[in-house]
Amino acid sequence: MHAAPRRHPARLIPALIAAAGLLTACGAGADSSKASAPEAKVTVTPAAGTKSAKLGSPISVRADRGKLTSVEVKDDKGGEVAGRLAGDGTSWTSDGKVRPQTTYTVKTKAKSTEGKESAATSVFTTEQADKVNKLTNTPGGGQTVGTGMPVSILFDNPVAEDKRADIEKALKVTTQPKVEGSWGWVKDWSGKNRIDWRPKDYWPTGTKVSVKGALGGIDSGAGGWFARDYNFGFTIGADHKAVIDVPSHTLTMYENGKNVGTISGSAGSPQDPTRGGVHTVRSKNAAETMDSSTIGHGDEWMLDSKWVTHLTASGTFLHSAPWNKQIGVVNNSHGCFGMTTEDAKKVYDFLPIGSTVEVKGTSNPNKTDVGNGLEVWQETWQQWQQRSALK
């Protein structure tokens with residue numbers, strides 16, 4: 001009897017290994033090729049790690065060999081930076097420009113043309129500005145004001161003429177209902193630069209006004225930059241106006257165009273006639289000391305007055321004049337309109353900030369400068385439009 005041939009299991013191993021190799025190749029071939037595929041190349045400008053990136057440009061992100069699927073940019077205060085992704089998905093650009101001395105974090109996701117996904121984070125910091133230009137807005141946010149109130153923005157540092165168009169483009173006034181208006185550049189009484197927006201005609205009562213200034217990162221010239229955006233709004237209140245008739249020594253109050261009361265007073269003397277035209281109430285004080293030195297009359301007087309309504313920055317006021325014994329009879333003030341204390345309070349209460357006071361019949365031939373208060377109604381609509389840097 002012959003013995004059965006012995007099997008050698010070891011001979012099967014190469015075959016099993018080969019089979020396993022075939023299975024591996026078939027089951028994981030696609031993943032292997034994707035893993036070895038190149039990623040999309042994402043470039044962020046300013047570059048990651050920059051410690052003093054130059055001002056004046058937006059943040060940009062670009063993808064080569066693929067497309068961007070997500071871009072998230074935040075500043076060092078946690079604020080999100082808005083931007084736009086191009087239609088083809090290969091680039092993203094911030095809506096505004098980088099701001100002074102700010103650290104930005106840029107998080108991106110991209111997909112290569114072969115389908116490989118990738119993510120990256122880039123951090124950079126911008127340089128410090130020589131000067132940060134800030135602004136003061138009038139009226140303040142949330143106020144209810146009169147129908148003659150302009151939007152007035154006062155800059156604390158000079159604004160170069162060649163930068164004004166960019167700044168004006170960054171400022172937007174939205175109204176409900178829609179109201180036509182225009183920006184105009186003004187030299188404020190203080191000597192500072194100012195830009196005002198006035199409607200073509202007086203505001204309709206109840207108008208809601210929203211002002212947005214996308215100024216962050218904009219160059220104002222002479223080493224100055226804006227470091228933030230601005231956003232405020234206000235409401236137009238009742239239609240209250242006043243008209244001063246100098247020859248008749250009267251001030252008449254109008255509500256919605258209707259005469260609601262006339263009072264007597266004393267306007268400026270022939271030597272100091274009251275300024276004419278349409279003035280805007282800029283501020284009010286319940287009590288104030290009238291100091292002659294503030295209007296070029298040395299130390300002639302120092303008088304206490306109540307219910308003071310300010311028109312011009314140079315000192316044209318409506319106020320009580322208890323020292324005047326000829327109120328309503330003679331125009332003998334130094335340019336203001338003086339009244340009894342009782343009547344001054346009526347006017348003070350009736351005229352909100354932003355309402356208008358028209359002076360008629362004055363012998364004063366001088367036109368009040370627009371920057372001498374909120375004097376935007378001293379000019380015609382055509383004259384006002386010429387003040388825009390975008391004309």
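Visitor: Which residue stands opposite Gly83 in S5?

Guide: Opposite Gly83 stands Ser94 of S5, in what is a predicted model, where local features need pLDDT of at least 70, side-chain atom pairs count only at pLDDT 80 or more, and totals for chains, interfaces and linings use all residues. Residues are numbered from 1 along each chain as its sequence is written, and side-chain values use heavy atoms, leaving out hydrogens and water.

Visitor: How do you know that S4 and S5 pair?

Guide: Pairing requires at least two bridges found by DSSP between two strands (E runs of at least two residues, numbered from the N terminus); S4 and S5 (residues 91-97) are joined by three bridges and run antiparallel, so they pair by that definition.

Visitor: What makes S1 and S4 edge strands?

Guide: In the open, antiparallel sheet the order is S1-S2-S5-S4; S1 (41-45) and S4 (83-85) each have a single partner strand, so one side of each lacks a neighbour in the sheet.

Visitor: Why is Arg228 said to sit over a ring?

Guide: The criterion asks for NZ of Lys or CZ of Arg within 6 Å of the ring centre and within 35 degrees of the ring normal. The charged end of Arg228 is 4.0 Å from the centre of the Tyr230 ring, and Lys345 lies over the face of Trp307 at 5.0 Å from the ring centre, so both distances fall within the 6 Å limit.

Visitor: Over which residues does pLDDT, the predictor's confidence in each residue from 0 to 100, stay under 50?

Guide: Residues 1-30 stay under 50, whereas the protein averages 91. Where pLDDT is low, the predicted coordinates should not be read in detail.

Note on methods:
Helix = DSSP H or I, 4+ residues; strand = E, 2+ residues; numbered from the N terminus. Contact = heavy atoms within 4.5 Å.
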